Amino acid sequence: QVQLVESGGGLVQAGGSLRLSCAASGRTFNNDAVGWFRQAPGKEREFVAKMTWSGGITYYAAPAAGRFTISRDNAKKTMYLQMNSLKPEDTAVYFCNAVRGITALGSWGQGTQVTVSS
(Lines give C-alpha, C1' and ligand atoms only; values in the text may rest on other atoms or scores of the structure.)
Protein backbone atom coordinates (compact mmCIF):
# COMPACT_ATOMS: atom_id res chain seq x y z
CA GLN A 1 0.00 0.00 0.00
CA VAL A 2 1.37 3.38 -0.95
CA GLN A 3 2.25 5.78 1.85
CA LEU A 4 1.84 9.51 1.28
CA VAL A 5 3.50 12.38 3.17
CA GLU A 6 2.56 16.03 2.82
CA SER A 7 4.89 19.02 3.04
CA GLY A 8 5.27 22.59 1.90
CA GLY A 9 2.80 24.48 4.03
CA GLY A 10 3.52 27.80 5.66
CA LEU A 11 2.38 31.33 6.36
CA VAL A 12 1.61 33.56 3.40
CA GLN A 13 -0.18 36.84 2.86
CA ALA A 14 -3.46 37.01 0.99
CA GLY A 15 -2.82 36.98 -2.73
CA GLY A 16 0.34 34.96 -2.34
CA SER A 17 1.23 31.46 -3.47
CA LEU A 18 2.38 28.18 -2.00
CA ARG A 19 3.23 24.81 -3.47
CA LEU A 20 2.43 21.71 -1.48
CA SER A 21 4.06 18.35 -2.08
CA CYS A 22 2.75 14.85 -1.52
CA ALA A 23 5.53 12.27 -1.65
CA ALA A 24 4.64 8.64 -2.22
CA SER A 25 6.56 5.62 -1.07
CA GLY A 26 5.75 2.23 -2.46
CA ARG A 27 4.48 1.29 -5.86
CA THR A 28 2.20 3.64 -7.74
CA PHE A 29 -0.06 2.74 -10.65
CA ASN A 30 -1.10 4.98 -13.52
CA ASN A 31 -4.81 4.61 -12.89
CA ASP A 32 -4.51 5.30 -9.19
CA ALA A 33 -5.41 8.79 -8.08
CA VAL A 34 -4.20 11.06 -5.32
CA GLY A 35 -6.45 13.67 -3.84
CA TRP A 36 -5.78 16.79 -1.82
CA PHE A 37 -8.08 17.62 1.07
CA ARG A 38 -8.15 20.36 3.65
CA GLN A 39 -9.62 20.89 7.07
CA ALA A 40 -10.14 24.34 8.46
CA PRO A 41 -10.56 24.91 12.21
CA GLY A 42 -14.00 23.83 13.34
CA LYS A 43 -14.96 22.50 9.91
CA GLU A 44 -15.22 19.13 8.23
CA ARG A 45 -12.42 17.91 6.00
CA GLU A 46 -13.20 18.74 2.40
CA PHE A 47 -11.98 17.56 -0.96
CA VAL A 48 -9.86 20.04 -2.95
CA ALA A 49 -8.44 18.37 -6.08
CA LYS A 50 -7.29 15.05 -7.50
CA MET A 51 -5.11 13.66 -10.25
CA THR A 52 -4.22 10.21 -11.47
CA TRP A 53 -0.56 9.24 -11.69
CA SER A 54 -1.01 9.05 -15.45
CA GLY A 55 -2.16 12.67 -15.46
CA GLY A 56 -5.16 11.65 -17.50
CA ILE A 57 -7.74 12.64 -14.92
CA THR A 58 -7.82 15.81 -12.92
CA TYR A 59 -10.70 17.28 -10.97
CA TYR A 60 -11.06 20.36 -8.82
CA ALA A 61 -13.61 21.31 -6.23
CA ALA A 62 -15.22 24.70 -6.76
CA PRO A 63 -13.08 26.63 -4.22
CA ALA A 64 -9.91 25.44 -5.95
CA ALA A 65 -10.90 25.79 -9.59
CA GLY A 66 -9.01 28.55 -11.35
CA ARG A 67 -6.60 29.20 -8.47
CA PHE A 68 -5.08 25.82 -7.63
CA THR A 69 -3.25 23.49 -10.00
CA ILE A 70 -2.46 19.86 -9.29
CA SER A 71 0.49 18.24 -11.02
CA ARG A 72 2.79 15.29 -10.59
CA ASP A 73 6.36 14.16 -11.11
CA ASN A 74 6.26 10.42 -11.63
CA ALA A 75 10.05 10.07 -11.44
CA LYS A 76 9.93 11.55 -7.93
CA LYS A 77 6.60 9.87 -7.13
CA THR A 78 5.34 13.22 -5.94
CA MET A 79 2.09 15.09 -6.43
CA TYR A 80 2.00 18.85 -6.11
CA LEU A 81 -0.68 21.39 -5.36
CA GLN A 82 0.21 24.85 -6.60
CA MET A 83 -1.99 27.36 -4.83
CA ASN A 84 -2.20 30.90 -6.19
CA SER A 85 -4.24 33.94 -5.21
CA LEU A 86 -4.58 32.56 -1.72
CA LYS A 87 -7.34 33.86 0.51
CA PRO A 88 -7.69 33.81 4.30
CA GLU A 89 -10.46 31.22 3.88
CA ASP A 90 -7.87 28.85 2.39
CA THR A 91 -6.31 28.59 5.84
CA ALA A 92 -6.44 24.92 6.80
CA VAL A 93 -4.42 21.78 7.32
CA TYR A 94 -3.92 20.19 3.92
CA PHE A 95 -3.75 16.44 3.45
CA CYS A 96 -3.18 14.08 0.57
CA ASN A 97 -4.56 10.60 0.29
CA ALA A 98 -5.24 7.90 -2.26
CA VAL A 99 -8.76 8.36 -3.59
CA ARG A 100 -11.45 6.59 -5.51
CA GLY A 101 -13.70 9.26 -6.90
CA ILE A 102 -13.29 11.88 -4.21
CA THR A 103 -13.38 9.39 -1.37
CA ALA A 104 -10.18 8.92 0.60
CA LEU A 105 -8.97 5.34 0.80
CA GLY A 106 -6.12 5.36 3.28
CA SER A 107 -5.42 6.59 6.75
CA TRP A 108 -4.69 10.26 7.28
CA GLY A 109 -1.23 11.66 7.84
CA GLN A 110 -0.38 14.74 9.84
CA GLY A 111 -1.00 17.09 6.95
CA THR A 112 0.70 20.41 6.36
CA GLN A 113 -0.55 23.71 7.77
CA VAL A 114 -1.36 26.55 5.41
CA THR A 115 -2.10 29.92 6.99
CA VAL A 116 -3.14 32.88 4.88
CA SER A 117 -3.06 36.25 6.60
CA SER A 118 -5.25 39.13 5.52
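Me: Which residue in E8 does Arg-72 stand opposite?
Reply: In this predicted model, strand E7 covers residues 68-73 and is joined to E8 by six bridges, with the two strands running antiparallel. Within E8, the residue that stands opposite Arg-72 is Met-79.

Me: Which residue in the turn of the hairpin formed by E7 and E8 has a positive phi?
Reply: E7 and E8 form a hairpin, and four residues lie between the two strands. The turn residue with a positive phi, of about 50°, is Lys-77.

Me: What is the bridge partner of Ala-23 in E8?
Reply: E8 also pairs with E3, in the antiparallel sense and over six bridges, and E3 itself comprises residues 18-25. The partner of Ala-23 across this pairing, on the E8 side, is Thr-78.

Me: How many of the six residues of strand E8 are buried?
Reply: Strand E8, residues 78-83, has antiparallel bridges to E7 and is paired with E3 as well. The strand is mostly covered, and the number of its residues that count as buried is five.

Me: Which cysteine does the disulfide join to Cys-22?
Reply: A search of the whole structure finds one disulfide. Its S to S distance is 2.1 Å, and the residue joined to Cys-22 is Cys-96.

Me: How many residues apart in sequence are the parts that the pair Cys-22 and Cys-96 ties together?
Reply: Cys-22 lies in strand E3, whereas Cys-96 lies in strand E9, which covers residues 92-100. Because the two cysteines sit in these two strands, the pair ties together parts whose separation in sequence is 74 residues.

Me: Why is the disulfide of Cys-22 and Cys-96 described as right-handed?
Reply: The handedness is read from the torsion about the S-S bond of Cys-22 and Cys-96. The disulfide is right-handed because that torsion is about 85°.

Me: Is Cys-96 buried or exposed?
Reply: Buried means a relative accessible area under 20%. Cys-22, the other half of the disulfide, has a value of 0% and is buried. For Cys-96 the relative accessible area is 2%, so this residue is likewise buried.

Me: What is the angle between the planes of Phe-47 and Tyr-59?
Reply: Among the four aromatic pairs found in the whole structure is the one formed by Phe-47 and Tyr-59, at 5.8 Å centre to centre. This pair links strand E5, where Phe-47 lies, with strand E6, where Tyr-59 lies. The pair is stacked, and the angle between its planes is 20°.

Me: Is Tyr-59 buried, partly exposed or exposed?
Reply: Its ring partner Phe-47 counts as buried, at 12% relative accessibility. Tyr-59 has a relative accessible area of 46%, and since the partly exposed class runs between 20% and 50%, Tyr-59 is partly exposed.

Me: Where does Trp-108 lie?
Reply: Phe-95 and Trp-108 form an edge-to-face aromatic pair, 5.6 Å centre to centre and with 70° between the planes. Phe-95 lies in strand E9, so the pair ties together parts 13 residues apart in sequence, with Trp-108 placed in the loop between strand E10 and strand E11.

Me: What is the radius of gyration of the chain?
Reply: The chain has zero helices and eleven strands. For 118 residues the globule rule gives 13 Å, and the chain's value is close to this, so the chain is as compact as a globular protein of that length, with a radius of gyration of 13 Å.

Conventions: Residues numbered from 1 in each chain as written. Predicted model: local features only at pLDDT ≥ 70, side-chain atom pairs only at ≥ 80, totals over all residues. Heavy atoms only, no water. Disulfide = S-S within 2.5 Å. Buried < 20%, exposed > 50% of the residue type's maximum accessible area, 1.4 Å probe, protein only. Pairing = 2+ DSSP bridges. Rg over C-alpha atoms; globule rule 2.2 N^0.38 Å. Phe/Tyr/Trp six-rings, centres within 6.5 Å; stacked < 30°, edge-to-face > 60°.
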